[in-house]
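Work through the exercises below with the sequence and the structure at hand. Each task is followed by a solution in steps.

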2 protein chains.
Amino acid sequence: MSKSKTELSASLEDYLEAIFLIAEEKGAARPKDIADRLDVRAASVTGALKTLAEKALVNYAPYDIVTLTATGKRIAKEIVRKHSALLRFFSNVLDIPRKEADEFACKMEHSIPDHVLERFIGFAEFVEKCPNSGAIWQNKAKGYFCKAQGSNQTLCDQCSLSE
Amino acid sequence: MSKSKTELSASLEDYLEAIFLIAEEKGAARPKDIADRLDVRAASVTGALKTLAEKALVNYAPYDIVTLTATGKRIAKEIVRKHSALLRFFSNVLDIPRKEADEFACKMEHSIPDHVLERFIGFAEFVEKCPNSGAIWQNKAKGYFCKAQGSNQTLCDQCSLSE
DNA sequence: ACGAAAAGTTAGGTGCAGCTAAATTACTTC
DNA sequence: GAAGTAATTTAGCTGCACCTAACTTTTCGT
């Protein structure tokens, strides 16, 4: 028995995620698509697919189209969820440019504990839903982060940042 | 010339950081201390030290004490700065338990872009310094994250979360 | 339907970062 | 100062994740 333990490396998680997203976009995932998306060579994809097949996360047959098993799909969705949540936080709360936010989310998604993820999500929801605190926050944050465009207006009247 | 490019792996950055912190705590870093701190075997430390010495980041001589070069120290401080900033954010803003916050900071510190780091820092400063928005935020956050201890009081009167 | 081009696979290689086991050096302590 | 113990290093191995080069299979255009 070869480690049925579902402990995936960051790399294998990337493959799973890529397969899932490609399948969503264009129906089915072919090795070439995966290679392009992950910016690796086709040979590397073959290797990864074999490993994932051993773990029963993808259905793989040589020269055939790649699909996720039920388990594989479940795990892929988990990863996508993390990615999306992080992206949302970086974009909406920290106001990081999309591309950069996406890249960093990609790195973090493999190591973030569930527990911490929930906090990120809660935080983003709070900032988005709370028009008072959220708005103050975002404006202050931008003013603070980017003094160039900073107006002097004090949105938060008790705030020591409004010097 | 063997890659004077200062592109360090996450692993090597961990060694650098460990050496720096050990040196701060107890004056000098010995391989054993490093091994204990990073939870690797002594033999692995020797290997890493040789690599770091090649890159002129540590002063290494067999059986001698390990010190950082000026460059090594500069880089180590950068890493520590990132680690501290992330830890602060996770602890003070997201209210993650210390240990977990520390572990996750340890993973993120190697891949976070400067740009993003500054946002985290600004965010933490804002929440800490702004007694109005900050306090509302934190209380709502706790209430939101942890319904078990959630009182019904509405700190933010325009907030749609206070249902 | 056949031949070229594209896609996929295989075989074998690299670098990294860890490991064990065995040898060496340094440190105690009597 | 000799002996035992602890620390360190060396040598060689493993697994991972990528790569290139060469081969095989599939697909497509005419």
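**Exercise 1: a helix pair**

Task: List the residues through which H1(A) and H3(A) meet, and sort them by character.

Solution. On the side of H1(A), the contact involves A:Leu12, A:Tyr15, A:Leu16 and A:Ile19; on the side of H3(A), it involves A:Ser44, A:Val45, A:Ala48, A:Leu49, A:Thr51 and A:Leu52. Sorted by character, the residues of this contact are eight nonpolar, two polar and no charged. The model is predicted.

**Exercise 2: packing geometry**

Task: What is the angle between helix H1 and helix H3 of chain A, and how should it be classed?

Solution. Helix H1 spans residues 10-26 and helix H3 residues 42-54 of chain A. Their axes lie 10 Å apart and make an angle of about 95 degrees. Angles of 65 to 115 degrees count as roughly perpendicular, so H1(A) is roughly perpendicular to H3(A).

**Exercise 3: one residue of H3**

Task: Is A:Thr46 buried, partly exposed or exposed?

Solution. A:Thr46 belongs to helix H3 of chain A. Buried would require under 20% relative accessible area, and exposed over 50%. The relative accessible area of A:Thr46 is 31%, so this residue is partly exposed. A:Lys32 is 14 residues away from A:Thr46 along the chain, and their C-alpha atoms are 9.9 Å apart.

**Exercise 4: the whole chain**

Task: In which order do the elements of chain A follow one another, and what percentage of its residues is buried?

Solution. Chain A contains seven helices and two strands. Read from the N terminus, the order is α-α-α-β-β-α-α-α-α. Of its 163 residues, 42% are buried. Chain A exposes about 8,900 Å², with 49% of that area supplied by carbon and sulfur atoms.

Methods. Residues numbered from 1 in each chain as written. Chains lettered and ligands numbered in written order. Predicted model: local features only at pLDDT ≥ 70, side-chain atom pairs only at ≥ 80, totals over all residues. Heavy atoms only, no water. Helix = DSSP H or I, 4+ residues; strand = E, 2+ residues; numbered from the N terminus. Buried < 20%, exposed > 50% of the residue type's maximum accessible area, 1.4 Å probe, protein only. Areas by Shrake-Rupley, 256 points an atom, 1.4 Å probe, with all protein chains shown as cover. Axes fitted to C-alpha atoms, helices over the stretch in contact; angles between N-to-C directions. Parallel < 35°, antiparallel > 145°, perpendicular 65-115°, else oblique. Contact = heavy atoms within 4.5 Å. Nonpolar A, V, L, I, M, F, W, Y, C, P; charged D, E, K, R; others polar.
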